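Have a look at the chain below before reading on. The notes after it walk through a few spots that are worth finding on screen.

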Amino acid sequence: MLYWLIKLLLAEPVLRAVFRPWVRGLENVPVSGPAILASNHLSATDPVFLPVVLRRRVTFIAKAEMFTVRGPLGRLAAGFFRSVGQLPVDRSGGRASQAAIEGAVAVLRRGELFGIYPEGTRSPDGRLYRGRTGVARIALRSGAPVLPVAMIGTEHVMARGKVLPSVRRVGVVIGEPLDFSRYAGRADDKLVVRAVADEVMAAVQRLSRQEYVDEYAARAARVRAVAEDAGREVPPLPSSGAPGGRAAPPGPPPRGPGAAGDPDGPGGPDGRQRPGDTPANG
């Protein structure tokens, strides 16, 4: 109940009026039944904008620390996060990661939508980083289809280190579902889960047109933080085509309705809105 109250009475009216989010591919989200929304992660605002453009509730994973703050305010915050569709995950790995996977599978078996950021953390520089295999394990254990998602422009709304957001138009592109039923029963095969994770990230890249880095975002962020603390410059990790050794998709990133000069994204070269390029207003 609280999820829909916040979404319909607060988040949607405010975000639509201020940021005017656009969405393409909304028809790929099933009207009912389970699906995994696997998105790139550019900004702390991503888990806010994606639910705004959807017509169904979506449950995301969130850092377990957000649920374990002591005291009455901490318990209140934990209750709030759960009520608005957040699933706690312990990022220490091992059994904790397995518990997060089981929680996600339970959400999907109830016929709901589950959202995940396979990179594991926000991109440190706007590029797309190697996907962790949690998304693959969840997909293979649940049998749910995976919808690749590209967040567009959210890194400009809330840049790292900023307290107040900048008013910029943002977009969401949702791709066609990926079916991994051919790998049924192989959720514990390391080669299979790596291949599935790479296929998901390649599909995300085809939507976002980001440069790809074959390294985990968390490691890249740590290296960058250590260098900044030491006052040193570290050259950025090299881009490497696409996940799994694929070739990088051609063309620029998609742009919003009415944007001229983009032959592939929303809004064609004549600047007109195309069918399916929907302002998120209903």
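What follows is a short tour of a predicted model, taken feature by feature.

## Helix 1 and its two faces

Let's start with helix 1, which covers residues 2–19 and holds Leu9. Leu9 belongs to a nonpolar surface patch of about 470 Å², together with Leu2, Trp4, Leu5 and Leu8. Is Leu9 buried or exposed? Its relative accessible area is 66%, so Leu9 counts as exposed, the cut-off for that label being over 50%.

Further along helix 1 there is a charged pair. Arg16 makes a salt bridge with Glu12, and their closest N and O atoms sit 3.0 Å apart. The two residues are four positions apart in helix 1, about one turn of the helix. Their surroundings aren't alike: Arg16 is partly exposed, at 23% relative accessible area, while Glu12 is buried, at 8%.

## Other salt bridges

How many salt bridges does the count come to? The answer is nine. As a general point, side chains of opposite charge can pair when their charged atoms come close.

Another of these pairs is Asp188 with Arg141, where the closest N and O atoms are 2.8 Å apart. This one links distant parts of the chain, with the two positions 47 residues apart: Asp188 is in the loop between strand 8 (171–174) and helix 7 (190–208), and Arg141 is in helix 5. Asp188 is exposed, with a relative accessible area of 60%, whereas Arg141 is partly exposed at 31%.

Helix 7 has a pair of its own. Asp198 bridges to Arg194, with 3.1 Å between the closest N and O atoms. Both sit in helix 7, four residues apart, or about one turn, and both are buried.

## Helix 5 and what comes after

Back to helix 5, which spans residues 134–142. Which of its residues are buried? Val135, Ala136, Ile138, Ala139 and Leu140 are. Arg141, the salt-bridge partner of Asp188, is partly exposed. Just past the end of helix 5 you'll find Gly143, which has a positive phi of about 75 degrees.

## Two arginines with positive phi

Positive phi also turns up in residues that aren't glycine. Arg20 has a phi of about 45 degrees and lies in the loop between helix 1 and strand 1 (22–24). With a relative accessible area of 46%, Arg20 is partly exposed.

Arg209 is a similar case, with phi near 60 degrees. You'll find Arg209 in the loop between helix 7 and strand 9 (212–213). Its relative accessible area is 19%, so Arg209 counts as buried, since the limit for that label is under 20%.

## The second largest pocket

Last stop: a pocket. Rolling a probe the size of a water molecule over the atoms shows where empty space is left. The second largest pocket has a volume of about 270 Å³. Its lining is made up of 17 residues, and those nearest its centre are Ala220, Arg224, Val234, Pro235 and Pro236.

Which element gives the largest share of that lining? Helix 8 (residues 217–229) does, with seven residues. And what sort of residues line the pocket? There are 10 nonpolar and seven charged residues, with no polar ones.

How values were computed
Residues numbered from 1 in each chain as written. Predicted model: local features only at pLDDT ≥ 70, side-chain atom pairs only at ≥ 80, totals over all residues. Heavy atoms only, no water. 1 Å grid on protein atoms, 1.4 Å probe; cavity = no way out; pocket = protein on both sides within 12 Å on 5 of 7 lines; lining within 4 Å. Points joined across faces, edges and corners; volume = space filled by probe spheres on them. Nonpolar A, V, L, I, M, F, W, Y, C, P; charged D, E, K, R; others polar. Buried < 20%, exposed > 50% of the residue type's maximum accessible area, 1.4 Å probe, protein only. Patch = residues over 30% accessible without salt bridge, like charges linked within 9 Å, V, L, I, M, F, W, Y side chains within 5 Å. Areas by Shrake-Rupley, 256 points an atom, 1.4 Å probe, with all protein chains shown as cover. Salt bridge = Lys/Arg side-chain N within 4 Å of Asp/Glu carboxyl O.
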